[in-house]
Structures are given as C-alpha cells and as structure tokens.
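Biologist: I am new to this structure and would like to go through it slowly, asking at each step how a label was reached. Could we have it in front of us before we start?

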Amino acid sequence: MTIKPKLLIVDGMALLFRSFFASAAMGHFIRLEDGTPSNGAQGFVRHVLTAQSIMQPTHLAICWDMGSQTFRNELYDGYKANRPAPPEEMLPQFDMAKNLSQHIGWQNFGVVGMEADDLIGSMITKWQDEADITVISGDKDLLQLLTPTTQIAFTKKGYTEYDLYTHSRFKEEYGIEPIQFAQVKAFMGDTSDGYPGVKGIGPKQALTLIQMYGSIDNVISSLEELKPGQRTKIKDNLDMLKLSHELATIQTNVPIEADIAQLVVPNYEQQTFKAIEERGFSLIAKQARSLYSLI
C-alpha cells in the first residue's frame, strides 16, 4: 500500500513579512558582514525548518508573490493601494529568502501577475486528491480553500504555535461551505486589501446573508425580502459588490509547472548548512543543527 504524501505549502510572503516585522520592531536587523539586513530571511527559513520538524511533511512547496502588481490591480486601482511600501531594510531580503530556500533544496513557486494565494489555491486543486495538504499562512482569505483533505495552519505565536482550521471546523463555526467565504468577503470588503465591499454591511451581516441565501446572486434576486436599509445599501453598491467578489476570489487554475514527486523534502546535510553559515546566516545553521541533529 502506498503512503499518501503529506504536502506542506508555505506562504513565503506571509512568513517573510512576519519575521521581518517581529524583529525590526526592536531594531534587530541581523546584518551580514557587508551590512545587508537578514532578519526577515533568516526568520522565514527558521520558521519553515521548525514547522517541518513539527508537521513532518513528506513534500514541501514555498509560494511567493512576484512583485506588487497583479491582475487584481488591473481590476481595481485601489487594490492594496493603502499598504505602505516595504521598509528599505526589507528590500534585499525577498531575493535572499528565495535563494536560501533554493540552496536548502526547497521548491520555490511564483508567477508574475499572480499572488502567492493563487498559487496555493491552484496547488490544492491540483493535488487535493493525491495528498493530505497543510498550508501555513497568516491570511484568513485562504479559508475559502479548505477541503476535506486540506487544512490551514494560521501563524499564532513564534515558530511553533498555530490556529489550525479544518474543513469541518470552518463549517461548524461559519455555517457555510469554505468556497462561499469569498462571497461573504465581497459584502464586508477588506480594509487591508483596500476594497470596500458594500458600505455599511459588516462581517456579521455579510455572513448572515450568505447563510440565508447561499450566494450573492441569490441575495440580489431576493432584494425585496430584505430590510429597506440593507436593500438600499446593496442596490447602491452592486458594481462594487461584484468587483469585490472578483478581488476576494482566489484563483485555482494557475498552471503549476511541477509534479508532486519534485517536491519531496530534501535530506539535510551538514555541509549545506555549513555553507549557509559561512555566508553569515548563523541563526539558520544553529536552528537546523538543533532540530535535525546535524553533527
């Protein structure tokens, strides 16, 4: 009997930003000999190494955004427009993190014009029948991707604590199917992503509408049943509601140019981390040695 692969998909951007800001807040940029900051990149790698030791995947993929412009910016100018540019100390660390990942033997994925979320969604669609999948991220938008074989571990504290969502937990808490979550987001909007949804409809009302009617289309065709205030808000914002749904929906059909066999977790060798240490990334080497007994 063949053992089902355990695939760990990592939202590289989420862990990189998280690691950067956690240490930058205290002014710890952990500079290399030439002065280049490395706090985010080293934190990202240490997080993945630790997650791997806890979750014991057989296969691993790291997903990245490729620049800040995606098809969503073309749909809506305001998409993520309110987000500040990354701090100067972070700029060299995007490539640094990807290079470290590659050097260790992890597979990086990124498609220009798409977000990491879209690659994660497409990987789940591609491999959900042949693998048990865990996704690590901090982005609640990913709840829409839950399936009976896919769970999402949201970062909570440090490198070891997660808030784990399964398909059944989501259904119990929200009273809808995960795939309907983007429709809830369309009504409530998302301030961090910069799209408004329907002004005046908050998370609770948005969820209740989808619980009751099942979809945006059904809500629109049942407008006469709603309270006058709600009806007016939706009528006044129909275009933005539909656009918000497009922005909130994670793509699941991005071509993933890989076979799952290419994602097998590498065996870690002492010399891999010795080379990384010699380049100045001593925190990574120390973490790898303590977790994987590399003598």
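Biologist: How do you know that strand 1 and strand 2 are joined, and do they run parallel or antiparallel?

Modeller: This is a predicted model, and everything I say is computed from it. Strand 1 and strand 2 (residues 59-63) are joined by 5 bridges and run parallel; since a pair needs at least two bridges, these two strands count as paired. Within that pairing, Leu8 stands opposite Leu60 in strand 2.

Biologist: Which strand is joined to strand 1 by another 5 bridges?

Modeller: That is strand 4 (residues 132-137), which also has 5 bridges to strand 1 and runs parallel to it. Here Leu7 is the residue that stands opposite Ile133 in strand 4.

Biologist: What makes strand 1 a mostly covered strand?

Modeller: Strand 1 covers residues 6-11, and 5 of these 6 residues are buried, where buried means a relative accessible area under 20%. On that count the strand is described as mostly covered.

Biologist: In what order do the strands form the sheet, and is the sheet open or closed?

Modeller: The 6 strands form an open sheet in the order 3-2-1-4-5-6, and the pairing is mixed. Strand 3 and strand 6 (161-165) are called edge strands because each pairs on one side only. Neighbouring strands of this sheet are turned against each other by 25° on average, with direction ignored.

Biologist: How do you know that strand 3 belongs with strand 2?

Modeller: There are 3 bridges between strand 2 and strand 3, which run parallel, and the cut-off for a pair is at least two. In this pairing Cys63 stands opposite Phe109 in strand 3.

Biologist: Which strands does helix 1 lie across, and which does helix 5 touch?

Modeller: Helix 1 lies across strand 1, strand 2, strand 4 and strand 5, running at about 55° to strand 1. Helix 5 (residues 116-127) packs on the sheet and touches strand 1, strand 2, strand 3, strand 4 and strand 5, while its direction makes about 170° with that of strand 1.

Biologist: How do you know that the length of helix 4 is close to what is expected of a helix?

Modeller: Helix 4 (residues 93-104) has 12 residues, and the distance from its first C-alpha to its last is 16 Å, which is close to the 16 Å expected at 1.5 Å a residue. After helix 4 comes Gly105, whose phi is positive, near 110°.

Biologist: Which residues of helix 4 are buried, and what covers them?

Modeller: The buried residues are Gln93, Phe94, Met96, Ala97, Lys98, Leu100, Ser101 and Ile104. Their cover includes helix 1 (12-24), helix 2 (39-55), strand 2, strand 3 (107-109), helix 12 (270-278) and helix 13 (282-292).

Biologist: Which residues are buried in helix 11, and what do they pack against?

Modeller: In helix 11 (residues 238-248) they are Met240, Leu241, Leu243, Ser244, Leu247 and Ala248. These buried residues pack against helix 3, helix 7 (181-188), helix 9 (216-221) and helix 10 (228-236).

Biologist: Why is Lys157 called exposed?

Modeller: Lys157 has a relative accessibility of 55%, and exposed means over 50%, so Lys157 counts as exposed. Its place is in strand 5 (residues 150-157).

Biologist: What is the phi of Gln56, and why does Gln56 count as exposed?

Modeller: The phi of Gln56 is near 55°, a positive value in a residue other than glycine. Most residues other than glycine have a negative phi. Gln56 lies in the loop between helix 2 and strand 2, and because its relative accessibility is 51%, Gln56 counts as exposed.

Biologist: Why is Lys80 called partly exposed?

Modeller: Lys80 has a relative accessibility of 23%, and partly exposed lies between the 20% and 50% limits, so Lys80 counts as partly exposed. Lys80 is found in the loop between helix 3 (71-75) and helix 4, and has a positive phi of about 55° although it is not a glycine.

Biologist: How do you know whether the radius of gyration of the chain agrees or disagrees with that of a compact globule?

Modeller: With 295 residues, a compact globule would have a radius of gyration near 19 Å, and the chain has 21 Å, so the two agree. The chain comes to 13 helices and 6 strands, and 50% of its 295 residues count as buried.

How values were computed:
Residues are numbered from 1 along each chain as its sequence is written. This is a predicted model: local features need pLDDT of at least 70, side-chain atom pairs count only at pLDDT 80 or more; totals for chains, interfaces and linings use all residues. Side-chain values use heavy atoms; hydrogens and water are left out. Buried means under 20% relative accessible area, exposed over 50%, partly exposed in between (1.4 Å probe, protein chains only). Helices (H or I, at least four residues) and strands (E, at least two) are DSSP runs, numbered from the N terminus. The expected span of a helix is 1.5 Å times one less than its number of residues. Contact means heavy atoms within 4.5 Å. The radius of gyration is taken over C-alpha atoms; the globule rule is 2.2 Å times the number of residues to the power 0.38. Axes are lines fitted to C-alpha atoms, for helices over the stretch in contact, and angles run from 0 to 180 degrees between N-to-C directions.
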